[in-house]
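I set out to record a few look-ups in a structure that I had not examined before. The entries below are kept short.

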Amino acid sequence: MESSALVYVALTVVTVALGLFVDNREYVPAYIRGGRTLGARPGCDRQQAANRVVVLAVYCLMAGVSACRIAVGNDYWVYRENFKLISQGRGVSYETGFNYVVKWIQQLFGYDEYLPVFGFFSLLTVFFFVKALHDQGSYFAFSLFLLMTGGYYFNSLNSVRYYFALAVALFSMKYVLRGEYGKFILLILAGAMFHKSILLVIPVYLAARLLAAARLKKWHYIMGAVFIATLIFGQSFYRKIIFYFYPYYENSVFDNGKLSYVNILKCVCVLILSLICYRKSLREDLQNRFCFFLNLFGLTIYCCGSFIPEISRVGYYMIISQIFLIPRLLAEMEAKWLRRLAYVGVTCTFAAYFVFLLRGMYALDIRLLPYLNWIFN
C-alpha cells in the first residue's frame, strides 16, 4: 500500500475526530420532525452553533479530497470522454438532468473542461451525505465512521451519478419519517434525472415507513412471504423491468448472478443486533424501526436477488440506513459490558473492512488508488 492511501486514512481519522465534538442527540428528533416546535426559541443555541461549525469543517475536508481528484476511479476517463460527447450534442446513456448539467458547466468553463464537472458533483454528493448525517445521525461521529469505513464515501469517487443518487436517497429519509411524502417523491424524481435507479426507493422507503408505524399482523408476514416467492420464481419478470430501463446491463459483466456475501453478513449481524435490542430500541422508536425494515429488505434482496445486475448497488439504497441504526442500537444497550463489547466489535470489524477496502482500491476495475489531485499532480 503506497503513500497516497494515507490521504484516505488521514481523512477518515481527522473527520471522525472532529465529529466527536458534534453532540446533536437532542436536536435530531426536531430535525426529523421538521417545522418549529411550539414554544421553542428561534435560531440555534451554543451547542447547535458549535455542531454546525464542526460539520462545516468535516464537509470541507471531504468535499476537498473528492473535488480535487484527477484520474481517480476506473470510469474517470470514460466520464471525461462522455462529457465531450454531451457537449457535442451526441447521444450517451446518461440521464437527461446529468447531461444538461454537464453541458451547462462546459458552456460556462469551456469545452473538455472536465474538472469543474467532477468538482460540482463532488460538492453536491458530499453535501447530501453530510447533511443527512447532521439531521438524522443521533451519534454523528459514529455514523460518519461507518460511512467512511463502510466505503460509501470513498466509492463516491467512482460512479459519479450513482453515488450522487445514493446520497440524495439517504438525505430523503427524513421526509419519509416525518410523513412529508410529497417532498420525498419530488426529491427522488429530481434524483432520477441523474440516475434512474433511485426510483426504487419510492416503494421501498414507503413500505418500510408503513411497516415501521404498524403493529405487524399475519397478513404482513403473508405479503412478505409472497414477495420473497416472487423474487425466487418471478425472476424473468423482474429482469424484463430492469432491462427496460438498463438494456445495456443484460448479459454484461455486471449480469453475473453472484451473491454479495459480505453484504449478506452485514445485514445478518445488524439483524441479530436489532433482535438483541428489540425491547429497548425497536418496539416504539419509529426511526429505528424504519431502518430495521430497510436492513431486512436489503437482506432479502441480497439473498434472493442475485439475478439483478449490480445487486450490491441496489441493496445500498436500503442498507446504508445502517449508519444511523447501528450507533443508536449500541448506545441504547442497557448492559454496560455488552455495550462496550459491541462497540469494540463493530469498530474493529469496520476498521478491518476498511483496510481490505483500501487494499482492493488498486484493482483495475476500481482504481481508487493511487490518489492523485490536480493541485499537486
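These notes cover cysteines, a surface patch and one loop residue, all in a predicted model.

**Entry 1: cysteines.** I looked for disulfides and recorded 0 in the structure. Why does C267 not form a bond with C303? I noted that the sulfur of C303 is the closest cysteine sulfur to that of C267, yet it lies 7.8 Å away, too far for a bond; a disulfide needs two cysteine sulfur atoms within 2.5 Å. I then turned to C269, for which the closest cysteine sulfur is that of C267, at 9.4 Å, and this is also too far for a bond. I checked accessibility as well: C267 is buried, at 0% relative accessibility, whereas C269 is partly exposed, at 43%.

**Entry 2: surface patch.** Which residues form a nonpolar patch on the surface? I listed Y181, I185, L186, L189 and L199, which together have about 410 Å² of accessible area. I placed L199 in the loop that runs between α10 (181–192) and α11 (201–213). L199 is partly exposed, and I noted its relative accessible area as 30%.

**Entry 3: D112.** I located D112 in the loop between α5 (96–109) and α6 (115–136). Is D112 buried or exposed? I found D112 to be buried because its relative accessibility is 18%, and the cut-off for buried is under 20%. Setting aside neighbours within four places in sequence, I recorded contacts of D112 with R80, K84 and Q106. With R80, the side chain of D112 makes a polar contact, side chain to side chain, at 2.8 Å.

Technical notes. Residues numbered from 1 in each chain as written. Predicted model: local features only at pLDDT ≥ 70, side-chain atom pairs only at ≥ 80, totals over all residues. Heavy atoms only, no water. Buried < 20%, exposed > 50% of the residue type's maximum accessible area, 1.4 Å probe, protein only. Patch = residues over 30% accessible without salt bridge, like charges linked within 9 Å, V, L, I, M, F, W, Y side chains within 5 Å. Areas by Shrake-Rupley, 256 points an atom, 1.4 Å probe, with all protein chains shown as cover. Salt bridge = Lys/Arg side-chain N within 4 Å of Asp/Glu carboxyl O. Helix = DSSP H or I, 4+ residues; strand = E, 2+ residues; numbered from the N terminus. Polar contact = N/O pair within 3.5 Å; in protein donor to acceptor, adjacent residues only side chain to side chain. Contact = heavy atoms within 4.5 Å.
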